[in-house]
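Got your viewer open? Grab the mouse and follow along, one selection at a time.

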Amino acid sequence: MSGFAWDPCEKCEKMMQPYLDRVLTEEERVEAEEHLRGCSYCRKRYRFEEEFRQFVRLAVAEPMPPELKARLAALRTPL
Amino acid sequence: MGESTPDSSPRQLATDARDRVRFEEEALELSDQVYQVARRLAGSREEAEDLVQETYARAFRAWRSFQPGTNLRAWLFRILTNLNIDRGRKIQRTPDTQPLEENDYFLYNRLEESTGDGTPDERKVVERLSQNEAVTALADLPHDFRDVVLLVDLADFTYSDAAQILDIPIGTVMSRLHRGRRMLKRSLAETAVEGGG
């Protein structure tokens, strides 16, 4: 038995950010994973969250202009 | 103690030069990552480029104050975020008046509702979000929140590194991060629902 004091999905939801940030304690992580194994509702939302983080990362990425790289190298102390 | 008098023996000078070269090379290898965050801190590409240049100019000047073996990436980002504040970023009062009732499943639930497609694939749901809106939503976050979201979610710093870089308690990092992420999701949910329906 999980021993959850309240709705297990609600608890799982609260653990999602720290779970994905890998800051849960070992015990909490096991608890979250146990719940996720049996709950497709939460599993879907965790997967979405991972996709979402990846989406944001890619959406806001912009390659560094090559000229800037050259300008930074020029700031180095001459030997 | 302050700065020790530099030893000017030829051997010391050679060691010094070697350390400096290594430092500069390692710092330059991180420039892409520094630029990514600078670009999101600054309003334009030009400003971002200036910010990165200033960061490196300052880092190269201050290289002796970097302690080898400690986190160079965090050290550089600390310079970057400090310069960003120095360059006149307005100190915004944290708008904690806005209630954020949403929980962490909120965005998925909203998008799922609006697809009218039962339980769609997670990837399909993410595709409903617009890339441009993500850029705008991130830019529109209150700066205190945005700084933390950028350091943790874009630059992959730990909570504790982010706390050191921004010189704030770790608990503040956590609360700003969670709140910042929720604000981001809320504004994306609004635009996605409007756009897709």
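## Two domains, two chains, one helix

Start with the centres of domain 1 and domain 2 of chain B: going by C-alpha atoms, they sit 28 Å apart. Keep in mind as you look around that this is a predicted model. To colour the two parts, select residues 10-86 of chain B for domain 1 and 106-196 for domain 2, as the domain assignment has them.

Where do the domains of chain B touch? Ten residues of domain 1 are in contact with eleven residues of domain 2. On the domain 1 side, select α2 (31-41) and α4 (72-86) of chain B, the elements that give two or more residues each. Of these, α2(B) gives the most, with five residues. Colour the domain 1 side by residue type and you'll get four nonpolar, four polar and two charged residues.

Now bring chain A into view. How many residues does each chain put into the contact between them? Chain B puts in 35 residues and chain A puts in 29. For a look at chain B's side, select α1 (10-29), α2, α3 (45-61), α5 (106-115), α6 (122-126), α7 (131-140) and α8 (143-154), each of which supplies at least two residues. This side of chain B has 18 nonpolar, seven polar and ten charged residues.

Next, zoom in on α3(B). This helix has 17 residues and spans 24 Å from its first C-alpha to its last, close to the 24 Å expected at 1.5 Å a residue. Show the side chains of B:A48, B:E49, B:L51, B:V52, B:T55, B:Y56 and B:A59, which are the buried residues of α3(B). Then turn the view to look down the helix axis: these buried residues fall within an arc of 160°, so they line one face of α3(B). Here's a handy bit of background: an α-helix has 3.6 residues a turn, so residues three or four places apart point the same way.

What covers those buried residues of α3(B)? The cover includes α4 (66-74) of chain A, together with α1, α2 and α4 of chain B. Now spin round to the face of α3(B) turned away from its buried side, where you'll find the exposed residues B:E46 and B:R61.

For a last stop, select B:H143, in helix α8 of chain B. B:H143 has 16 other C-beta atoms within 10 Å, so this residue is partly exposed. Add B:G180 to the selection: B:H143 and B:G180 are 37 residues apart in sequence, and their C-alpha atoms are 9.5 Å apart in space.

How values were computed:
Residues are numbered from 1 along each chain as its sequence is written. Chains are lettered from A and ligands numbered from 1 in the order in which they are written. This is a predicted model: local features need pLDDT of at least 70, side-chain atom pairs count only at pLDDT 80 or more; totals for chains, interfaces and linings use all residues. Domain bounds come from an automatic or database domain assignment. Two residues are in contact if their C-beta atoms, placed from the backbone, lie within 7 Å. Helices (H or I, at least four residues) and strands (E, at least two) are DSSP runs, numbered from the N terminus. Ala, Val, Leu, Ile, Met, Phe, Trp, Tyr, Cys and Pro count as nonpolar, Asp, Glu, Lys and Arg as charged, and the others, Gly among them, as polar. A residue is buried if 20 or more other C-beta atoms lie within 10 Å of its own, exposed if 12 or fewer, and partly exposed in between; C-beta atoms are placed from the backbone. The expected span of a helix is 1.5 Å times one less than its number of residues. The arc is that of the directions from the helix axis to the C-beta atoms.
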